[in-house]
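Okay, thanks everyone for squeezing in. I've got one structure to walk through today, so let me put it up on the screen.

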Amino acid sequence: NRKFYRQMSMCPCIPAHSLMFAAGYAITFGGYLIMQEYFPGNYAYLEIVWLFGGINVFMMTFPVFVIMQRIKVPYSPALSRLASMTFGIYLCHFVFVQIGYDMFAAWLPKGVPAVVHIICIAVAAFFISYLIVRMMSAFKVTRRFVA
């Protein structure tokens, strides 16, 4: 079965995976609205539906994972170097997301849409994390922590 699944073309997978993603998103969004309605102002409860172990998160992650596996990307040395650093970037980006949230809240003028804040925070956190991991991977002692 697994061999057959991997040999299938992309076309039959897209509708099924799109439905699975949409169902997971609907569960997440609906759960968020329900939590917001029953526990207003208590932000600890709002994140329950986003927990990584939830079936709704799996329903959104699995289709993306399978579709990304099927995309053929030509070899690129720069992309290969970046790919080798992704685990280290993942490990340290959390700190810079929080710092970026505080910094961009102070730097950007009032009235700037939240999506602009999010994009600025994401780009800044990625580049700072990338630079740190790049520096750490240059030294033999610290390379093993980020590779």
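So, contacts. If you take the contacts in the protein chain with a separation of 6 or more, 61% of them are between residues 24 or more positions apart. Keep in mind that this is a predicted model.

What's the secondary structure? Eight helices and zero strands, so to speak in symbols, α-α-α-α-α-α-α-α along the sequence.

Now the overall dimensions. The C-alpha atoms fill a box of roughly 50 × 45 × 30 Å along the principal axes. For 147 residues, a compact globule would have a radius of gyration near 15 Å, and this chain comes out at 19 Å. Buried residues are 19% of the 147. The accessible surface is about 11,200 Å², and carbon and sulfur atoms own 74% of that.

Let's stay on the surface for a moment. Which residues make the nonpolar surface patch? You've got Phe21, Tyr25, Phe29, Leu33, Val64, Met68, Ile71, Val73 and Leu79, together about 840 Å². Helices α2, residues 10-38, and α4, residues 55-70, each put in at least two residues. The largest share is from α2, with four residues.

Pick out Met68 in that patch. Met68 sits in α4. Is Met68 buried or exposed? Exposed, because its relative accessibility is 53% and the cut-off for exposed is over 50%.

While we're on α4, here's the rest of that helix. α4 has 16 residues, and from first C-alpha to last it reaches 23 Å, close to the 22 Å you'd expect at 1.5 Å a residue. Its buried residues are Asn56, Val57, Met59, Met60, Pro63, Val66 and Arg70. Yes, Asn56 and Arg70 are on that buried list.

Back to α2 for one residue, Ile14, which lies in that helix. Ile14 counts as partly exposed, because its relative accessibility is 39% and that category runs between 20% and 50%. If you want a pair to click on, try Ile14 and Gln69: they're 55 residues apart along the chain, and their C-alpha atoms are separated by 13 Å.

Next up is α7, residues 114-137. With 24 residues, α7 reaches 34 Å from its first C-alpha to its last, close to the expected 34 Å at 1.5 Å a residue. Which residues of α7 are buried? His117, Ile121, Ala125, Ser129 and Val133. And what do they pack against? Two helices, α6 at 86-107 and α8 at 140-146.

Let me zoom in on His117, which is found in α7. Why does His117 count as buried? Because its relative accessible area is 19%, and buried means under 20%. Leave aside the neighbours within four places in sequence, and His117 is in contact with Phe104, Ala105, Leu108 and Val112. There's also Gly100, 17 residues from His117 in sequence and 9.0 Å away in space, C-alpha to C-alpha.

To wrap up, here's what I'd keep on screen. Met68 is the exposed one, at 53% relative accessibility, and Ile14 is partly exposed at 39%. His117 is buried at 19%. That's my bit, happy to rotate the view for anyone.

Note on methods. Residues numbered from 1 in each chain as written. Predicted model: local features only at pLDDT ≥ 70, side-chain atom pairs only at ≥ 80, totals over all residues. Heavy atoms only, no water. Rg over C-alpha atoms; globule rule 2.2 N^0.38 Å. Buried < 20%, exposed > 50% of the residue type's maximum accessible area, 1.4 Å probe, protein only. Contact = heavy atoms within 4.5 Å. Areas by Shrake-Rupley, 256 points an atom, 1.4 Å probe, with all protein chains shown as cover. Patch = residues over 30% accessible without salt bridge, like charges linked within 9 Å, V, L, I, M, F, W, Y side chains within 5 Å. Salt bridge = Lys/Arg side-chain N within 4 Å of Asp/Glu carboxyl O. Expected span 1.5 Å × (residues − 1).
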